[in-house]
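Here are a few exercises to work through with the model open beside you. Try each task before reading its solution.

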Amino acid sequence: IMATQFHFEHVFRAAAIDDLFSAYFDPVHLRHQDQQLEISERLVIEQTDDGETLRRTCKITPRRQLPAIVRPFLAGPLHYLETATWRRAARTIEVEIWPSLLRKKARPTVTAMYRLSQLSDGGSTRSYEGQVCVDLPLFSTRIEHGIVAELERSLAVTATCTQAFLDRGGRYVSARA
């Protein structure tokens, strides 16, 4: 089985790299991002934090519909499970995503690594790289490329949301404030 690789980078202005890692798990920040991404529901299924590792699994339901060509392969309403594991000492977040997109046998998997590095000017570079794998002869490459394109679109939106969050000191303020 072949897989489609991806690698996206974005530069942030942040006081500290850990502010970016923390933003990834901040519930207020996630709600705002989800609104921008047209996510109708994010349900935290499990979250554990032992001080060294923070692990969260969510069921995420988008509002967007899929193209007609993919609908015959659906295993029910579109949603996906996402597990994010922040290893604080390693300064990485491992991400695994399982869309409900296809029936179990051909279910796609997305595995990625979220890394941050400090730049000499005080900024931080986010590197998000990994692979998408779909076990569905004839359609896998097309579906994988579609998932990568959606990741690219989503990461641009989340980068804008995250920078706005950081610019406000890592918290959202109401429009009335």
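**Exercise 1. The nonpolar core**

Task: In this predicted model, find which residues of the largest nonpolar core touch the most other members.

Solution: Start with the core itself, which holds 30 residues. Phe6, Ile93, Tyr128, Val132 and Leu151 touch the most other members. Next, look at where the core residues come from: strand 1 (4-13), helix 1 (17-25), strand 4 (80-87), strand 5 (92-99), strand 6, strand 7 and helix 3 each give two or more. Helix 3 gives the most, with seven residues. Finally, zoom in on Leu151: leaving aside residues up to four places away in sequence, its contacts are Phe6, Phe8, Val110, Tyr128 and Val132.

**Exercise 2. Two aromatic pairs**

Task: Classify the ring pairs Tyr24–Phe25 and Tyr114–Tyr128 by their geometry.

Solution: Two values are needed, since a pair of aromatic rings is described by the distance of the centres and the angle of the planes. The structure has eight aromatic pairs in total. For Tyr24 and Phe25, the centres are 5.2 Å apart and the planes meet at 55 degrees, so this pair is tilted. For Tyr114 and Tyr128, the centres are 6.4 Å apart and the angle is 80 degrees; an angle over 60 counts as edge-to-face, so that is the class of this pair. Tyr114 belongs to strand 6 (residues 109-118) and Tyr128 to strand 7 (residues 123-133), 14 residues apart. Both Tyr114 and Tyr128 are buried. To finish, place these rings in context: Tyr24, Phe25, Tyr114 and Tyr128 are among the members of one aromatic cluster, which also includes Trp86. The charged end of Arg88 sits over the ring of Trp86, 4.5 Å from its centre.

**Exercise 3. Salt bridges between strands**

Task: Which parts of the chain does the Glu82–Arg42 salt bridge link, and is Glu82 buried or exposed?

Solution: Begin with the distance: the closest N and O atoms of Glu82 and Arg42 are 3.7 Å apart, and a salt bridge requires them to be within 4 Å. Glu82 lies in strand 4 and Arg42 in strand 2 (residues 39-49), 40 residues apart. Now check accessibility. Glu82 has 10% relative accessibility, so Glu82 counts as buried, whereas Arg42, at 24%, is partly exposed. Then widen the view: Asp34 joins Arg42 and Glu82 in a network of salt bridges.

For comparison, take Glu129 and Arg115, whose salt bridge has an N to O distance of 3.5 Å. Glu129 is in strand 7 and Arg115 in strand 6, so this pair ties together parts 14 residues apart in sequence.

Technical notes: Residues are numbered from 1 along each chain as its sequence is written. This is a predicted model: local features need pLDDT of at least 70, side-chain atom pairs count only at pLDDT 80 or more; totals for chains, interfaces and linings use all residues. Side-chain values use heavy atoms; hydrogens and water are left out. Rings of Phe, Tyr and Trp (its six-membered ring) pair if their centres lie within 6.5 Å; planes under 30 degrees apart count as stacked, over 60 as edge-to-face and the rest as tilted. Helices (H or I, at least four residues) and strands (E, at least two) are DSSP runs, numbered from the N terminus. Buried means under 20% relative accessible area, exposed over 50%, partly exposed in between (1.4 Å probe, protein chains only). A charge sits over a ring if NZ of Lys or CZ of Arg is within 6 Å of the ring centre and within 35 degrees of the ring normal. A nonpolar core is a set of buried Ala, Val, Leu, Ile, Met, Phe, Trp, Tyr and Cys residues joined through side-chain atoms within 4.5 Å. Contact means heavy atoms within 4.5 Å. A salt bridge is a side-chain nitrogen of Lys or Arg within 4 Å of a carboxyl oxygen of Asp or Glu.
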